[in-house]
Amino acid sequence: MAVGYGYIDSVDFATIRLLSGALFLFAVFCLRNGCIKVLVPQRPLAVIALVTYMLGFSVAYQGIDAGIGALVLFGCVNLTMFLGSIQRGARPSAIRWITSATAFGGLVWLLWPAGNVPISATSVAFMIMAGVGWGLYSLAGQGLNNPVQNTAANFMLAVPICIVLGLFFPHGIQHFTPHWPGVALAVLSGTVMSGLGYSLWYAILPRLSATSAGLAQLSVPVFAILGGALLLGETVTARIFIASLIVLGSIGVSFLLETPNAQSVPTDRSKSRL
């Protein structure tokens, strides 16, 4: 709504979103626990991945509908986390391979140049970048304690990087002109949807394998599609509906049919952190 309606530039939105989330989480954590521990081994990857996601996500939504963008985003998240789990030594079951391949195939079919699906190639490229960033951010968060502290530290360190990178974007922060609906939506996104939401996500990540976490996130697009239709007046075509069934249906098949023994096996390091 903020970017697509032209209330705010995409880079300004990402920067305000990060800054408001950082200030909110910093205040919440420090009031309860004191100082925030910034330097941990996973921090650099998490911060870079967070900036990649934030900028890619905001720029992409200048030219893509909410539901389609969410499908592309979380399809790429699933693929990134699936490959990341394999790189870490996990051995996904055959069902995981099949469902991940099915979800990816649904995305390919959705994005194939045909039909009346409103898609910008540039926006898709930025959303793919955002999906890879969020997948890496989720992988970096597995096995970490203190989700609020880690989310707050990631946000605080990401703000200056986002500001510097924003200088190289057209109409970036150097030309910032406040439009209060856009600023308000960015603050809401940063504090509630991002700050609190990401803390909750980091809290449950240690209980999930990387492949399970990636597949679970694919449930998000259905809410984006419904929200886009109900709140933004976006059209849900038959192609989008069928692609959503293919992508999201693979999640249900995976969790219904996979046995506990098929879960990815964590490494000794992740066991110690759990």
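**Exercise 1.** In this predicted model, decide whether Phe223 is buried or exposed.

*Solution.* Phe223 has a relative accessibility of 59%. The cut-off for exposed is over 50%. Phe223 therefore counts as exposed. Next, place the residue: Phe223 lies in helix H9, which covers residues 220-231. Last, look at its surroundings on the surface. Phe223 helps to make a nonpolar surface patch of about 860 Å², together with Met1, Tyr5, Tyr7, Val222, Leu226, Leu230 and Leu231.

**Exercise 2.** Compare the span of helix H6 with the expected span, and find where H6 has a kink.

*Solution.* Helix H6 runs over residues 147-166 and has 20 residues. From its first C-alpha to its last, H6 reaches 27 Å. At 1.5 Å a residue, 28 Å is expected, and the value for H6 is close to that. The kink, of about 30 degrees, is at Ala158, shortly before the proline Pro160. Ala158 is also one of the buried residues of H6, which include Gln149, Asn150, Phe155, Val159 and Cys162.

**Exercise 3.** Describe the chain as a whole: which elements does the chain have, how much of the chain is buried, and how far apart in sequence are its contacts?

*Solution.* Start with the elements: the chain has 11 helices and zero strands. Then take burial: of the 274 residues, 50% are buried. For the surface, the chain exposes about 13,000 Å², with 72% supplied by carbon and sulfur atoms. Finally, take the contacts between residues at least 6 apart in sequence: 87% of them join residues at least 24 apart.

Note on methods: Residues are numbered from 1 along each chain as its sequence is written. This is a predicted model: local features need pLDDT of at least 70, side-chain atom pairs count only at pLDDT 80 or more; totals for chains, interfaces and linings use all residues. Side-chain values use heavy atoms; hydrogens and water are left out. Helices (H or I, at least four residues) and strands (E, at least two) are DSSP runs, numbered from the N terminus. Buried means under 20% relative accessible area, exposed over 50%, partly exposed in between (1.4 Å probe, protein chains only). Contact means heavy atoms within 4.5 Å. Accessible areas come from the Shrake-Rupley method with a 1.4 Å probe; for residues, only the protein chains shown count as cover. Patches are made of residues with over 30% relative accessible area and no salt bridge: like charges are joined within 9 Å, nonpolar side chains (Val, Leu, Ile, Met, Phe, Trp, Tyr) within 5 Å. A salt bridge is a side-chain nitrogen of Lys or Arg within 4 Å of a carboxyl oxygen of Asp or Glu. The expected span of a helix is 1.5 Å times one less than its number of residues. The bend at a residue is the angle between axes fitted to the seven residues ending there and the seven starting there.
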